[in-house]
Amino acid sequence: SRAQVFATVVDTFLEKLVAAGSYQRFVNSYRCFYKLQPQLTRSIYDQFISQLQASIKEEIQEVKNEGNLEGLFSSLDKIVEEAKDREEPAWRPSGIPEDDVRSAMVPYLLKHRSHLRRVLREKEEQNRKVAESVLMGRDRIAELERLIQARQQAWQAINKEQRELIMTFQE
Amino acid sequence: FDELIVETATRRKQWPKKILVHAIQTMKAEQE
Amino acid sequence: SVDPMAYETQFFGFTPQTCMLRVYIAFQDYLFEMMLVVEGVMLKKLDGIPGCKVSPSQIRKCTEKFLLFMKEHFDRLFAKMEEVLLQLVLNIPKNVLLPEDRVHEQYPYSKEEFQALQDELQQLQQQCRAEVAAEQALRAELEEQKVVKAELEKILQCFDGLESICREHGAGNFKESFALLTQNSKKLQDVLKDIEKKSQ
């Protein structure tokens, strides 16, 4: 995992740094002091190294805490693990915000589209039914008008009879 | 330069969602 | 050409290089501090030795010699560490996509496709509006039909009423009764004529 690699790399760095700054090298540099105080030189060197290691380890821990590196490393490990079957390079920001933000919109637009399609279908179905009853209503009205017309004609026929009758009486 | 990179990367991470929220609000308002 | 590692920055929230720079500076400060402490301890010790021939500038020279050596190794080792960390730890492999960008994988829409999708939405909205308008018109007509039907039915009832009045007064089917009446009155007329003729 990234966290392990990170820890290993830092430890290796420290080991090598300590190996480079060996006691021998230290004594070679501080020859004049070493001649006067060999024991003290040794303890100063040991303290120097252990303090340096402690400070560096502390600093690394601080950087980890500040940047929440442990958490980030493990979540990045997961993300990388999930992508292990992919070969080709993945998408990267194009540098043109308008282009990149479009895809963020697409899922919602698609959802909106299927919502509108459903609403439209329902509305069309509903209107088809209402249209049917309108047509039936028109037929009913036509039929009523026909009925009324027939009755009217019948009465007009009677009317004609009536006029004839009156003529008769008048005669 | 470093700040610019951090700012740009932060926007790339956060702004699409923000923009989407506003776009949805706009569409809903239009719909209403 | 600096690689800004923007994608890594998008994930970590800081640029990996800055992170390494921050660690480098901190380590370097510690190294310098520790060297000064070492030198301080030595000078203090030498102070306590009467007639000591080693001067502070000599100690300083030793410090610089050791520090120079350490710094060289430090920089080389740190460069190696930075290279490994930037490659293996603080980096995002080319085939990896961050979760917030998954949408680009699932919906790689070009400008044209996006525009087409928006046009389609526009058109669907238009159709929905048209259907709503149609529904209003249909419902308005239904209301109107209700009134008209009521009126027509009322007229029909009038006719029914007339006919039932006729029936009540024994006229049965009004038309026939009128025809009968006309017939009878014609007969009456003929009889009348007949009578008059005979009486003349």
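Start by selecting chain C and chain A together: in this predicted model, the two bury about 9000 Å² between them, with 75% of that on carbon and sulfur atoms. Why quote an area at all? The size of an interface is often given as the accessible area lost when the parts come together. Now light up the residues in contact, and you should get 95 from chain C and 93 from chain A. On the chain C side, pick out C:F66, C:N95 and C:H104, which lose the most area to chain A. Together those three make up 7% of what that side buries.

**Across the C and A interface**

Next, go looking for charges that pair up. There are twelve salt bridges between chain C and chain A, and a search of the whole structure finds 32 over all chains. Zoom in on C:R22 and A:E62, a salt bridge whose closest N and O atoms are 3.6 Å apart. C:R22 sits in helix 2 of chain C and A:E62 in helix 4 of chain A, so this pair joins two chains. Then jump to C:E153 and A:R140, whose side chains meet in another salt bridge at 2.8 Å, N to O.

While you're here, show the polar contacts too: 27 residue pairs make one across the interface of chain C and chain A, counting pairs where both residues have pLDDT 80 or more. Which helix of chain C gives the most residues to the side that touches chain A? Select helix 5 of chain C, and you have it, with 30 residues. Color the whole chain C side by class and you'll see 62 nonpolar, 14 polar and 19 charged residues.

**Over to chain B**

Keep chain A, hide chain C and bring up chain B. Here ten residues of chain A are in contact with nine residues of chain B. The two chains bury about 800 Å² between them, 78% of it on carbon and sulfur atoms. Click on A:V101, A:M105 and A:Y108: they supply 54% of the area chain A buries against chain B, more than any other three residues. By class, the side of chain A that touches chain B has seven nonpolar residues, three polar ones and no charged ones. How many salt bridges cross between chain A and chain B? Zero. The count of residue pairs in polar contact between them, with both at pLDDT 80 or more, is zero as well.

**Inside chain A**

Now show chain A by itself and look at how its helices pack. Two packed helices are described by the angle between their axes and the distance between the axes. Select helix 4 (residues 38-67) and helix 5 (residues 69-82) of chain A: their axes are 6 Å apart, at an angle of about 65°. Helix 4 and helix 5 of chain A are therefore roughly perpendicular to each other. Show side chains where they meet: A:V63, A:K64 and A:G67 from helix 4 touch A:L69, A:E70 and A:L72 from helix 5. That contact has three nonpolar, one polar and two charged residues.

Last stop: swap helix 4 for helix 1 (residues 2-20) of chain A. The axes of helix 1 and helix 5 of chain A come within 8 Å and cross at roughly 125°, which makes helix 1 oblique to helix 5. Select A:R2, A:A3 and A:F6 in helix 1, and look for their partners in helix 5, including A:F73, A:L76 and A:V80. The residues of this contact divide into six nonpolar, no polar and three charged.

Technical notes
Residues numbered from 1 in each chain as written. Chains lettered and ligands numbered in written order. Predicted model: local features only at pLDDT ≥ 70, side-chain atom pairs only at ≥ 80, totals over all residues. Heavy atoms only, no water. Contact = heavy atoms within 4.5 Å. Buried area = accessible area lost by both parts, 1.4 Å probe. Salt bridge = Lys/Arg side-chain N within 4 Å of Asp/Glu carboxyl O. Polar contact = N/O pair within 3.5 Å; in protein donor to acceptor, adjacent residues only side chain to side chain. Nonpolar A, V, L, I, M, F, W, Y, C, P; charged D, E, K, R; others polar. Axes fitted to C-alpha atoms, helices over the stretch in contact; angles between N-to-C directions. Helix = DSSP H or I, 4+ residues; strand = E, 2+ residues; numbered from the N terminus. Parallel < 35°, antiparallel > 145°, perpendicular 65-115°, else oblique.
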